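Here is a short report for a first look. Keep the sequence and the 3D view side by side while reading.

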Amino acid sequence: MARAGAVEPRGGQRPAWANKLQYLLSCIGFAVGLGNIWRFPYLCQTYGGGAFLIPYLIALVLEGIPIFYIELAIGQRLRRGSIGVWTAISPYLGGVGLGCLTVSFLVSLYYNTVLTWVLWYLLNSFQYPLPWSSCPLDLNRTGFEAECQASSTVSYFWYRQTLNITADISDNGSIQWRLLACLAASWAVVYLCVIRGIESTGKAIYFTALFPYLVLTIFLIRGLTLPGAVKGLIYLFTPDVQVLWNPRVWLDAATQIFFSLSLALGGHIAFASYNPPRNNCEKDTVTIALVNSMTSLYASIAVFSVLGFKAANDHGHCLDRNTLHLINEFDFPDQSVSRGDYAAVLAHLNATQPERVARLPLEACRLEDFLDKSASGTGLAFIVFTEAILHMPGAPGWAVLFFSMLFTLGLSSMFGNMESIITPLLDMGVTHRFFPKEALTGLVCLLCFLLAICFTLQSGNYWLEVLDSYAAPLNLVMFAFLEVVGVTYVYGMRRFSDDIAGMTGRRPGLFWRVTWKAVSPLLLLSIFVAYIAVLARTPLSYRAWNTQYARFPLRQEKSYPGWVQATCVLLCFLPSLWVPAVALGQLLAKRRWKQDTWQDRCSKLQDRGAS
Amino acid sequence: MLAYAMRRYLVQETTQISNVLLCNVTSRVSFWFVVTNSFTNMTTIPRNDVEAAIRMNRNRINNAFLLTDDTLQFLEISSTLAPPAEQPRPTWLIVFGVILGIIVIGIVLVVSFGIYHRKRYKNAEKTEDLDDKYEAAITMENRIPCHTLDLKAGQINGVYAAADDDRFTPL
């Protein structure tokens, strides 16, 4: 067929993977990202531990793997990036590709800003003692800074010395030059690796995809040997099956699988388009999806053991503070009450002198309370984990390892994001064939860097949360739905099955056909509707770090100002507007073409009649 | 110790141990004290002066008992804290400079290698064009110069020669 040997817009051969391993590692690196470390463990912890695996696996099998297979197969077959693929399937569906490109662009902007923060922490880890281990002193040097004293050293370092955050999203503040420098460095790293497309990322991916596994293993071994880790693991993984009745769990499992595999961004289509035409993409799909899920599990074991250690540590300190109160009040000798004796001593005192005990400001120290403290996202990495690392012997080394792992994890995902932007641009032939690829990549990186400068403002974190919550989710679900429907119904199941037979050697089985035709589209539609329902019910608000807040250090719940709310709503569906826009444009263009040819034919007939 | 502290502060050599009066001594080594004016044994030295004296000599007092600010506590006298260890130059800037330097060098190398590679490829194309023109002078049949082919004898297709005669239907 003509498409298999389609002419490259820039002439010459289409670039190809140097070997299969590079392709697999690139897809794995793209799928395995920061979310595997800081979103999956949080979901496990919140939704009943091991019980969460049930909806997660069901979503993986019924939704994640089928859509993933479609992306890899269609990219490999049509040998084009996302725009080319959808335009080839049907000119009316070209908007899907453009929408994927837009969402990838927005995601790259804020994803690399997170990498900037990781880089900042990494650079600060090369010193002893770590800068987030102590508070700076106040002006007359008799105590610590009030903000630091009220919250904690790690929160202070994150909110004040890193972000220098303002109390409100409309208060922009100034550009933080330290973060700006780190932003430039991280975009420079991305440029260096993506500079020649898969030629350069293929070499970089060996390190960026494999190094995180090495560090995770080291952390796993260290984590399991820490005191309190095993108790934490057992508690956090103990399944609570009751939680499965909550529909929110199923929605979160489905969306987690969706974003974990980085579907509908166009990156996997781009990667697969560089494959040789005969490649078993079915095996690739299952391999990559399983590796991604296994990594999530592996990471959550490491994370939970460290969290268990931290909870045990905090529990011990709580007991120590209470013991000090008791010793001071009842004049016991110093260090006469150990942590183990505390409960017995307290019970005895409560029985003999309850009034004096009641007057003491004793905290309730329960290990489960500390274990239940969950955090996800930047909170887990920059607050909870950094504090846990402080208590490990050899803290700077662990900090360096941890943040370089996060950096390489994010970097390999950025490769996929950049490829999903650059491959369609190259395929569309936006640049002259003698315009070097390096220059196009450089222009894209430069544009992204300039736009991302707004995240280095003092209110940058709030804007990042806006983009993270509203730009990607709904649009990607919509695009995935159109992908499945487009390939199954518009491209045709029979044609697609023939293509797969040509690529893998046999036609897709009943499982694939059923999921593609019915199960996945229905699942996606229900996710879409459920997501809109959840969004409509939750008020558009954010949690601000306000030192003047009465209940500081708790974050203050504020609602977005009107113009920000409008931005959120626009972000939710603006990229999807490409689809009807392109379809309408195609319709009008076709009608005009028909009119023109009709007029041509009429005038030709008239001429012939006249002569 | 306290007498010593008062002496240092007031620059009076006359304060003696007997001027420091203790009361409420407990077995956990805590007590209340007042310091009387050495000149008039009745009046006490005001609290602020005593506080200031202790603050000035806190280190000395601690060292005498081999205790620290955490273990020897003067109620309502907050200790002057030592500032956290400040690096002479910001460490992160050094590491940042190193990393950025490596990246910039890497980018320059890759770009210049690409330009060099492209120039060489263009030269190679030019020489290939010349070769083509030269080869066009020789008559070609399927990129094989005609004069090497033995046109009279013809070519024997080995497939048919090696095949069994049984495979072909006999006439």
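C135(A) sits in the loop that joins α6 and α7 of chain A. The model is a predicted one. Is C135(A) buried or exposed? With a relative accessibility of 7%, C135(A) counts as buried, because the cut-off for buried is under 20%. Now follow the chain on to L192(A). C135(A) and L192(A) are 57 residues apart along the chain, and their C-alpha atoms are separated by 37 Å.

The loop between α6 (94-123) and α7 (146-150) of chain A also holds P129(A). The peptide bond leading from Y128(A) into P129(A) is cis. Its omega is near -5 degrees. Most peptide bonds are trans.

**Positive phi in a loop**

Another loop of chain A links α12 (247-260) and α13 (267-273), and S262(A) is placed there. A264(A) also has its place between α12 and α13. Neither of the two is a glycine: S262(A) has a positive phi, and so does A264(A). Most residues other than glycine have a negative phi. The table gives the values for each residue.

| Residue | Phi | Relative accessible area |
|---|---|---|
| S262(A) | about 55 degrees | 9% |
| A264(A) | about 65 degrees | 0% |

S262(A) is buried. A264(A) is buried as well.

**Two buried helix residues**

Y23(A) belongs to helix α1 of chain A, which covers residues 20-31. Y23(A) counts as buried, because its relative accessibility is 1%. Which residues does Y23(A) touch, leaving out those up to four places away in sequence? The list is W17(A), L72(A), F271(A), A272(A), N275(A), N279(A) and D284(A). H268(A) makes a useful comparison of sequence and space. Y23(A) and H268(A) are 245 residues apart in sequence, yet their C-alpha atoms are 10.0 Å apart in space.

N475(A) lies in helix α22 of chain A, residues 473-504. N475(A) has a relative accessible area of 0%, so it is buried. Its side chain has a polar atom 3.3 Å from the backbone oxygen of C572(A). C572(A) is also one of the contacts of N475(A) beyond four places in sequence. The others on that list are V103(A), Y470(A), L571(A), F573(A), P575(A) and S576(A).

**A strand pair in chain A**

Strand β1 of chain A spans residues 541-544. Strand β2 of chain A spans residues 556-559. How do β1(A) and β2(A) pair? They run in the antiparallel sense, and four bridges join them. S541(A) stands opposite S559(A) of β2(A). R543(A) has E557(A) in β2(A) as its bridge partner.

Each strand has two faces. In β1(A), Y542(A) and A544(A) form the covered face. S541(A) and R543(A) form the uncovered face of β1(A). The side chains of β2(A) alternate too. Q556(A) and K558(A) point to one face and are buried. E557(A) and S559(A) point to the other face and are not buried.

**Chain B on its own**

Chain B has five helices and four strands. In what order do the elements of chain B run? From the N terminus on, the order is α-β-β-α-α-α-β-β-α. Chain B has 171 residues, and buried residues make up 19% of them. Take the contacts in chain B with a separation of 6 or more: 29% of these come from residues 24 or more positions apart.

**Where chain B meets chain A**

The size of an interface is often given as the accessible area lost when the parts come together. Between chain B and chain A, the buried area is about 2,300 Å². Carbon and sulfur atoms give 71% of that area. How many residues does each chain bring to the contact? Chain B brings 23 residues and chain A brings 30 residues.

One salt bridge is counted between chain B and chain A. R118(B) forms a salt bridge with E438(A). The closest N and O atoms of R118(B) and E438(A) are 3.2 Å apart. Two residue pairs are in polar contact between the chains, both at pLDDT 80 or more. The side of chain B that touches chain A has 14 nonpolar, seven polar and two charged residues.

Notes: Residues numbered from 1 in each chain as written. Chains lettered and ligands numbered in written order. Predicted model: local features only at pLDDT ≥ 70, side-chain atom pairs only at ≥ 80, totals over all residues. Heavy atoms only, no water. Buried < 20%, exposed > 50% of the residue type's maximum accessible area, 1.4 Å probe, protein only. Pairing = 2+ DSSP bridges. Contact = heavy atoms within 4.5 Å. Buried area = accessible area lost by both parts, 1.4 Å probe. Salt bridge = Lys/Arg side-chain N within 4 Å of Asp/Glu carboxyl O. Polar contact = N/O pair within 3.5 Å; in protein donor to acceptor, adjacent residues only side chain to side chain. Nonpolar A, V, L, I, M, F, W, Y, C, P; charged D, E, K, R; others polar.
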